[in-house]
Protein chains: 2
Amino acid sequence: MALRTSDVAKAAGVNVQTLRYYEREGILPAPRRATSGYRQYTDEAVRIVTFVKRAQELGFTLRDAKELLRLRSAGPKRAPAARAAATAKLADIDEKIRDLSAMRAALSSLAEACACATGGAVTCPILEALEKTPNPS
Amino acid sequence: MALRTSDVAKAAGVNVQTLRYYEREGILPAPRRATSGYRQYTDEAVRIVTFVKRAQELGFTLRDAKELLRLRSAGPKRAPAARAAATAKLADIDEKIRDLSAMRAALSSLAEACACATGGAVTCPILEALEKTPNPS
DNA sequence: GTAAGGCTTGTACCCAGGTACAGGGTCAAG
DNA sequence: CTTGACCCTGTACCTGGGTACAAGCCTTAC
């Protein structure tokens, strides 16, 4: 039940080269090899890659993704460090969610405005959406 | 009360060159010029640039940001199109919020696990966080 | 046993989004 | 009336994240 590169690539919706790239970058662990030299992936690889792609869509860099993945497998030895890192990431995420929510509200009210007010300039909420940063730190 | 490039750059937390770049790319409208040739910005420019930077942190591209900004000032003439675009973006945003929330939950439970279980492998929720895509479309 | 496809490595290229000169004009302080 | 800190334009460069060859080995189907 070993997956080959193209299987993983297809399943995760990425290019085959991307897998090699992730391997070089230390994001995707180097898999076992068949005697032929072919890489033998498990479905863990698919999960990792899809995770990374999602994380990217959410504005995280590859480095962020790598770090998040490392948290996953931090042994109990480095648990405190992992916890701290996780907590920091949590703050990032909360901020992103706040911003997205503000943006959502702005867009939503904009859509409504567009729907009814077919005549008359509407004061547009988009710019205000992200500007006040009501960051209650 | 005209702002100069460095004022805007400082206020928005970006490099001066970035302003020129955004202008070239049509993201930031070309401002009035003094007789000297100096650009004269209003604080609108600051708002636009900060908006763009935030949007980028949320995983939107410059093109996305530009599009969002264009929605803002669509006259009543193109209101229906604007509304459609806004609605599409809303779907994007909702998906991002869903993913982030899943990630948040995963990280949060991870942090907890790290906090108490200082001995014993913990099954880590990070990978599962983003994988099942419970997309109720 | 051979042809079509998939795998390997290495290297080179590409796009988005900036960032950094170089060469020159402007402006305010002293 | 010059010096230092700004601004202008143009062009060249850089990083992150891939993507695309090229040259050669594996595998499966016929």
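Let's start at one residue and work outwards: Leu58(A) is buried, because 24 other C-beta atoms lie within 10 Å of its own. Before going further, keep in mind that this is a predicted model. Leu58(A) sits in the loop between α3 and α4 of chain A. Setting aside residues up to four places away in sequence, Leu58(A) touches Lys96(A) from chain A, along with Gly59(B), Lys96(B), Asp99(B) and Leu100(B) from chain B. Now look along the chain to Arg72(A): Leu58(A) and Arg72(A) are 14 residues apart in sequence, and their C-alpha atoms are 19 Å apart in space.

Time to step back and look at chain A as a whole. Chain A has six helices and two strands, and reading along the sequence you meet them in the pattern α-α-β-β-α-α-α-α. Of its 137 residues, 31% count as buried. If you take the contacts in chain A between residues at least 6 apart in sequence, 45% of them join residues at least 24 apart.

How far can you trust the picture? The average pLDDT of chain A is 85, and 78% of the residues score at least 70. One stretch to treat separately is residues 118-122 of chain A, where pLDDT stays under 50. For that stretch the model has six contacts beyond four places in sequence.

The domain assignment splits chain A into domain 1, covering 1-73, and domain 2, covering 83-131. Where these two meet, domain 1 of chain A puts in five residues and domain 2 of chain A puts in four. On the domain 1 side of that contact, you'll find three nonpolar residues, one polar and one charged.

Let's go into domain 1 and pick out a helix. Which residues of α1(A) are buried? They are Val8(A), Ala9(A) and Ala12(A). Those residues cover an arc of only 100° around the axis, so they sit on the same side of α1(A). It helps to recall that an α-helix has 3.6 residues a turn, so residues three or four places apart point the same way. And what lies over the buried residues of α1(A)? The cover includes α2 and α3 (43-57) of chain A. Just after α1(A) comes Gly13(A), with a positive phi near 70°.

Helix α4(A) can be read in a similar way. Its buried residues are Ala65(A), Leu68(A), Leu69(A), Leu71(A) and Arg72(A). Looking down the axis of α4(A), these residues fall within an arc of 150°, so they line one face of the helix. Take Ala65(A), which is placed in helix α4 of chain A. Why does Ala65(A) count as buried? Because Ala65(A) has 21 C-beta neighbours inside 10 Å, and 20 or more is what it takes to be called buried. Beyond its neighbours within four places in sequence, Ala65(A) is in contact with Ile27(A), Val52(A), Ala55(A), Gln56(A) and Phe60(A). Val16(A) is another story: Ala65(A) and Val16(A) are 49 residues apart along the chain, with 19 Å between their C-alpha atoms.

Over in chain B, Arg63(B) lies in helix α4. Is Arg63(B) buried or exposed? Arg63(B) is exposed, because 10 other C-beta atoms lie within 10 Å. Its C-alpha atom is 8.5 Å from that of Ile27(B), though 36 residues of chain separate them.

That leaves the DNA. Around DNA strand C there are 19 residues, and the closest are Arg4(A), Ser6(A), Arg39(A), Ser36(B) and Leu62(B). At least two residues of this surface come from each of α1 (5-12) and α2 of chain A, and from each of α2 (16-24) and α4 (62-72) of chain B. The most comes from α2(B), which gives three residues. By class, the surface near DNA strand C divides into six nonpolar, nine polar and four charged residues.

DNA strand D has 18 residues around it, with Ser36(A), Thr61(A), Arg4(B), Ser6(B) and Arg39(B) coming nearest. Here α2 (16-24) and α4 (62-72) of chain A and α1 (5-12) of chain B each supply at least two residues of the surface. This time α2(A) gives the most, with three residues. The surface near DNA strand D has six nonpolar, nine polar and three charged residues.

Notes: Residues are numbered from 1 along each chain as its sequence is written. Chains are lettered from A and ligands numbered from 1 in the order in which they are written. This is a predicted model: local features need pLDDT of at least 70, side-chain atom pairs count only at pLDDT 80 or more; totals for chains, interfaces and linings use all residues. A residue is near a molecule or strand if its C-beta atom, placed from the backbone, lies within 6 Å of it. Helices (H or I, at least four residues) and strands (E, at least two) are DSSP runs, numbered from the N terminus. Ala, Val, Leu, Ile, Met, Phe, Trp, Tyr, Cys and Pro count as nonpolar, Asp, Glu, Lys and Arg as charged, and the others, Gly among them, as polar. pLDDT is the predictor's confidence in each residue, from 0 to 100. Two residues are in contact if their C-beta atoms, placed from the backbone, lie within 7 Å. Domain bounds come from an automatic or database domain assignment. A residue is buried if 20 or more other C-beta atoms lie within 10 Å of its own, exposed if 12 or fewer, and partly exposed in between; C-beta atoms are placed from the backbone. The arc is that of the directions from the helix axis to the C-beta atoms.
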